[in-house]
Amino acid sequence: MEVIMVDQEKCTGCHQCELWCGNEIASVSKELPLAINEDPQPVPRVHVEGKRFALQCRHCPDAPCITACPNGTMRRDPESGLVFVNEPTCIACWMCVMVCPFGIINPSSSLKVAVKCDRCRNMEFPICVEVCPTNALKLVDRKEAAEINP
Amino acid sequence: MEFIQKKTNDRAAEPFLLKAAEKGISLVWDRYEGQLPECGFCESGLSCRDCLQGPCISHPFRGDQSKVGVCGKNKDILGVHSLLRLVVKGTMAYLDQVIDFAKDIEAGEVSPANKAQTDGVIRHIQGLFETVGPEVMEAFPEALTNRWEATGIYPEGIARDLFKASQKLEGGITGVNETLLWTFKCSLLGCVSQMLQGKLKSSVFGNAAPTELEVNLGILQKEVPTILLYGHFSPVLKQKIAEVGEKKNVSIMGVCTDPLLPPYIFAPVTSYGSQEIPLMTGAVDLIVSGDQYVNPSLQEVAREWSVTIVPAEVLERGQDLGRFAEQIIDQAKKAFDARSGISKDIPDVKESAVFGFSVDTVDMKKIVDAINGNKIKGIALLAGSNNVKFTQDHEIVSMAQEFLKNDVLCISEGEASIALAKYGFLNPQFEMECGKGLSGLLSSLGEDIPSILDFSYAQNGGVTEFLLGLTSVEKKEPKEYPIVAVFPEANRSMDVTKAMWTVAMGVSTFFWPFLPVTGSPKTMEALTAFCKETFGSRFHVITRKMDARTKSTMVIKSLKGEDELHLDDNPWS
């Protein structure tokens, strides 16, 4: 299984990943000039904290969010192993938000659903990896990622 | 990032793309792909680098966080400042051109065709720092100048317009609408500079006359040394080079430079988007390069094909332009001999074109009558250069075709004319499909009239000259006629400045690609609603992706006064 890895030496904190994630994944229009003015505001799935792209889903093998979810909204894709939110059934109880050890799940108050990165599971490449101007974001095998970033 | 789009419509340039790929040379299209995705904050006008506490961004997707810059500029101020920054730069470009030209005339480098008129224009240019002479402003309809005075945007010279406007970027508490008015004020100074430059050109080199010439790569010659003049630099130096070149049998042509400088012609070899291609033919021995409209990438291509580059805008150019021109010609001859081993591959693609119509050679009354008699739907002023974000020439050519079919008279200028000339729009022998009313009007204007009239002679000041000529017929304002300005593939800051002053003159303007103001709803609203209220025209910044035909349909509908219907899905209109 491939996960997103951040080379913190290369990350300049330019927020492009966050911006294009907000546009491509979170917005309705998928056109930046329109997405910017959308209401409710699109909620990006990735966040840049300071000069580090720290907040990303690890798609934990034993995911506490899946265990905590009371109605099976938080699911794992059986083929890819990626953890995702089935938004139509989310009841906004925020249990997942509370139990996530990395704090990557966001409560979207306007949409009343939990939002998290699903590593763009339906796309060929995650958009953040695609747009990163310094190649700080990479798609690597989970084992390799664990070796580099234990 | 993967990006698929046909690169150019120019069949002369296209084969060279493969050649460049084989040689491993990057052209403008490759570099654009390497830049993708371009910074979304900058593209939306949500970033600022005006001080050293930043750079700052206003994050559109972060709840209440990171919304304002360190100094407190919010998204609306950031947006309108992005526009102002472009217009300040564009206005300076116009001023640079006119001052450059005037300096060489003052130095007595040429003897003007009309000495008294030249002295008068030079005096206006000299006074431009502190004031714009009332005689210059008399060219505009009184209702227009009164409106400019009432809104505070009447041009008052470099110090009051350009310097003051540029200081808005430094700080202060000016709001969006007021900043936008400063932007208009600044752009009108650009308009005046361009008018003065056109007048100076006519006084020094004589009035415009329609001139037939040939365009595109096929005009390059194998047997004689060839010099290409790139971009803008002093017309006097250009003339000197042509003078010496003629004596010594050196062919002089141009790229992104004014083609008409009587008695000399600098035939356009290609248009802005494919400016690197002429060097790849091997038939160019030397280029003289200005700054405006010249890609720095030329250096690399020139190295590959052993082309000498002589920069015209250098600190140590020397006072004697004649000697400088002699040196350039000698260098070109030497380069021609040294380059005899380099193979020359000149595509057999060229097109005749008539450039240089003016209000003196076109009967403006007939045009006004055609509008009043509903023979034509309106007038589209086509301007702007190529932009790599679009297939080269595709947008402008497709839109022009649609306009002609639908009885819209097209007037073009500058780089837009050169792009259109490559496809025969400026060739009187080439029969374009025109609506019945338009055909009637064009044939009534005289013999040998092409489908599109180029008004570039006044140093690309054709749009303004045409508008003023048209309005003087019935002493009306431009906004009382169905006229739009269209920039299908705009590129440089000069295009933005020009678009701004056309709006201030009451002509609605359609501008592609969208300006970096989309992150600011207030600026977007001001460019439409506020401008409509103030000038009776709109600055259309269209963000929706659409093909060229849809764009032209939208413009034609706007000529009929139906524009609101078609932009209502934008949140700001």
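**Exercise 1.** In this predicted model, determine which residues of α16(B) are buried, and identify what covers them.

*Solution.* Begin with the criterion, under which a residue is buried if 20 or more other C-beta atoms lie within 10 Å of its own. Applied to the helix, the criterion returns G414(B), E415(B), A416(B) and S417(B), together with I418(B), A419(B), L420(B) and A421(B). Helix α16 of chain B spans residues 414-421, and with 8 of its 8 residues buried it is mostly covered. Turning to the surroundings, the elements of chain B that cover these buried residues include the strands β3 (211-215), β10 (351-355), β11 (378-382), β12 (408-412) and β13 (453-454), as well as the helix α15 (394-405).

**Exercise 2.** Describe how chain A is divided into domains, and characterise the contact between them.

*Solution.* The domain assignment gives domain 1 of chain A as 1-56 + 117-140, and domain 2 of chain A as 60-106. Taken over C-alpha atoms, the centres of the two domains are 19 Å apart. To their contact, domain 1 of chain A contributes 8 residues and domain 2 of chain A contributes 8 residues. On the side of domain 1 that touches domain 2, the residues comprise 4 nonpolar, 1 polar and 3 charged.

**Exercise 3.** Assess the confidence of the prediction for chain B and for the complex.

*Solution.* Chain B has an average pLDDT of 92, and 97% of the residues score at least 70. Residues 565-569 of chain B, however, have a pLDDT below 50, and this stretch has 6 contacts in the model beyond near neighbours in sequence. Where pLDDT is low, predicted coordinates should not be read in detail. For the complex, the predictor gives an ipTM of 0.84 and a pTM of 0.92.

Methods. Residues numbered from 1 in each chain as written. Chains lettered and ligands numbered in written order. Predicted model: local features only at pLDDT ≥ 70, side-chain atom pairs only at ≥ 80, totals over all residues. Domains from an automatic or database assignment. Contact = placed C-beta atoms within 7 Å. Nonpolar A, V, L, I, M, F, W, Y, C, P; charged D, E, K, R; others polar. pLDDT = per-residue confidence, 0-100. Buried ≥ 20, exposed ≤ 12 C-beta atoms within 10 Å, placed from the backbone. Helix = DSSP H or I, 4+ residues; strand = E, 2+ residues; numbered from the N terminus.
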